[in-house]
Amino acid sequence: MKTTLKTTLIVGLIAVGCLTASVARAGYHALYSVSVSQGSRYGSGSLPGARYSSDGNQYIGCISVLGSGSPYASCYATDASGNSASCMSTDPKYIAAAGTVTPASWIYFTFDQNGNCTLLEVNNASYFIN
Amino acid sequence: LTPPEPRRAARSPLPRVLVAAVGIGAGAAAMHLLDSAHAPSPQAALAAPPSAATEERPVPVVIGPVSARLSDDDKHAIARMVREELGALQPAPASAADSGAAPPENDRSSPSSPAVAEARERVRVAVEQGIARGTWTDEDVMAMREAMVPMSGQDRVDAIRPLVIAVNEGRVRRVGRGPLF
């Protein structure tokens, strides 16, 4: 009898947990994996998309380094195949944009033949959150 | 990260230049004051000619804070002297052909300390080795960060550029995770 009651309790708790989880994850959701093109000179992808990808290679991010007289920014990405791309800039606009990346960001950056960032898009949206 | 130390190297040569500049400025100001003290006002000159006693009396000169302005030529000359003095302290930078990098977009002849010059050299060597190996590891990244401490953001970007180009062209594979530097 005791065992039956305990089992019922556990099953009930699990059911409540599942229900709560499904409610919390309602809403449009999309994972964008990391895409890198060295020929077209761009890198893109969402942080959750990279983090929860099935392979062990993907990542994407930006760093924004601030200090007296030495600010710079760099964005970088590696796709599932291990192809990497990176760009860098000392332009305050890029430094500021790189600093807006959050765990729910989708990043798209392009670069020129010298590795300078030529475009940086940081998209923070609910549907990127995993 | 410590701020760049562009003026540290200038300690020995710069004071001489500054002293020279201040001396030129003070001299010009003194001459100006002397001329002003000697020259009578237009009204006084018309009213009465200077007497012999007035001419022989020493004219007191007061040198205080002045806002002496250097001409553009003087500024350029001083800037050139500073560059020459500081240039003599720096090792010759690696040529673009040596590093495989495109030439910098603008010629930066900014002064730098020996520590910065040494850091640049360390980064240059490490980048060359990474490109030769075809890999860039987390250990390389950590070494870069340590070496780059005295460097400004622009210095860092310029120094690491050959590596970024190599990674973007697929010649170097990032082994590990995260930014290149």
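Buried residues, meaning those under 20% relative accessible area (exposed being over 50% and partly exposed in between, with a 1.4 Å probe and protein chains only), make up 31% of the 181 residues in chain B, while of the 130 residues of chain A 40% count as buried. This is a predicted model, in which local features need pLDDT of at least 70 and side-chain atom pairs count only at pLDDT 80 or more, whereas totals for chains, interfaces and linings use all residues. Residues are numbered from 1 along each chain as its sequence is written, chains are lettered from A and ligands numbered from 1 in the order in which they are written, and side-chain values use heavy atoms, with hydrogens and water left out.

**Chain architecture**

- Helices (H or I, at least four residues) and strands (E, at least two) are DSSP runs numbered from the N terminus; chain A has three helices and seven strands, and its elements run, from the N terminus on, α-β-β-α-β-β-β-α-β-β.
- Chain B holds eight helices and two strands, in the order α-α-α-α-α-α-β-α-α-β from the N terminus on.
- With contact taken as heavy atoms within 4.5 Å, and considering contacts between residues at least 6 apart in sequence, 48% of those in chain A join residues at least 24 apart, and in chain B 76% of such contacts join residues at least 24 apart.

**Nonpolar cores**

- A nonpolar core is a set of buried Ala, Val, Leu, Ile, Met, Phe, Trp, Tyr and Cys residues joined through side-chain atoms within 4.5 Å; the largest one has 27 residues, and those with the most contacts inside it are Val123(B), Trp136(B), Met144(B), Ile160(B), Leu163(B) and Phe181(B).
- Both chains feed this core, since at least two residues each are supplied by strand 3 (59–65) and strand 4 (72–78) of chain A and by helix 6 (114–133), helix 7 (138–147) and helix 8 (153–168) of chain B.
- Helix 8 of chain B contributes the most to this core, with seven residues.
- Not counting residues up to four places away in sequence, Leu163(B) touches Val127(B), Ile131(B), Trp136(B), Val172(B) and Leu180(B).
- A second, separate core has 18 residues, including Val34(A), Ala73(A), Ala98(A) and Phe109(A).

**Packing of helix 6 and helix 8 of chain B**

- Helix 6 of chain B and helix 8 of chain B pack at an angle of about 5 degrees with their axes 9 Å apart, where axes are lines fitted to C-alpha atoms, for helices over the stretch in contact, and angles run from 0 to 180 degrees between N-to-C directions.
- Helix 6 of chain B is therefore roughly parallel to helix 8 of chain B, given that angles under 35 degrees count as roughly parallel, over 145 as roughly antiparallel, 65 to 115 as roughly perpendicular and the rest as oblique.
- Helix 6 of chain B makes the contact through Val116(B), Arg120(B), Val123(B), Val127(B) and Ile131(B), and helix 8 of chain B through Asp155(B), Ala159(B), Ile160(B), Pro162(B), Leu163(B) and Ala166(B).
- By class, this contact of helix 6 with helix 8 of chain B has nine nonpolar, no polar and two charged residues, with Ala, Val, Leu, Ile, Met, Phe, Trp, Tyr, Cys and Pro counted as nonpolar, Asp, Glu, Lys and Arg as charged, and the others, Gly among them, as polar.

**Disulfides**

- Over all chains the structure holds two disulfides, a disulfide being a pair of cysteine sulfur atoms within 2.5 Å, and those of chain A follow the pattern 1-2, 3-4 when bonded cysteines are counted along the chain.
- One disulfide joins Cys62(A) to Cys75(A), with an S to S distance of 2.0 Å; because Cys62(A) lies in strand 3 and Cys75(A) in strand 4 of chain A, the pair ties together parts that are 13 residues apart in sequence.
- The torsion about the S-S bond of Cys62(A) and Cys75(A) is about 105 degrees, so this disulfide is right-handed.
- Cys62(A) counts as buried at 14% relative accessibility, as does Cys75(A) at 1%.
- Cys87(A) and Cys117(A) form a disulfide with their sulfur atoms 2.0 Å apart, and because Cys87(A) lies in strand 5 (residues 84–89) and Cys117(A) in strand 7 (residues 117–124) of chain A, the pair ties together parts that are 30 residues apart in sequence.
- The link of Cys87(A) and Cys117(A) is right-handed, with 85 degrees about the S-S bond, and both Cys87(A) and Cys117(A) are buried.

**Surroundings of Ser33(A)**

- Ser33(A) sits in the loop between helix 1 (2–24) and strand 1 (35–37) of chain A, and its relative accessible area of 45% makes Ser33(A) partly exposed.
- Leaving aside neighbours within four places in sequence, Ser33(A) is in contact with Ser44(A), Gly45(A), Gly49(A) and Gln58(A), and its C-alpha atom is separated by 6.4 Å from that of Ser46(A), 13 residues apart along the chain.
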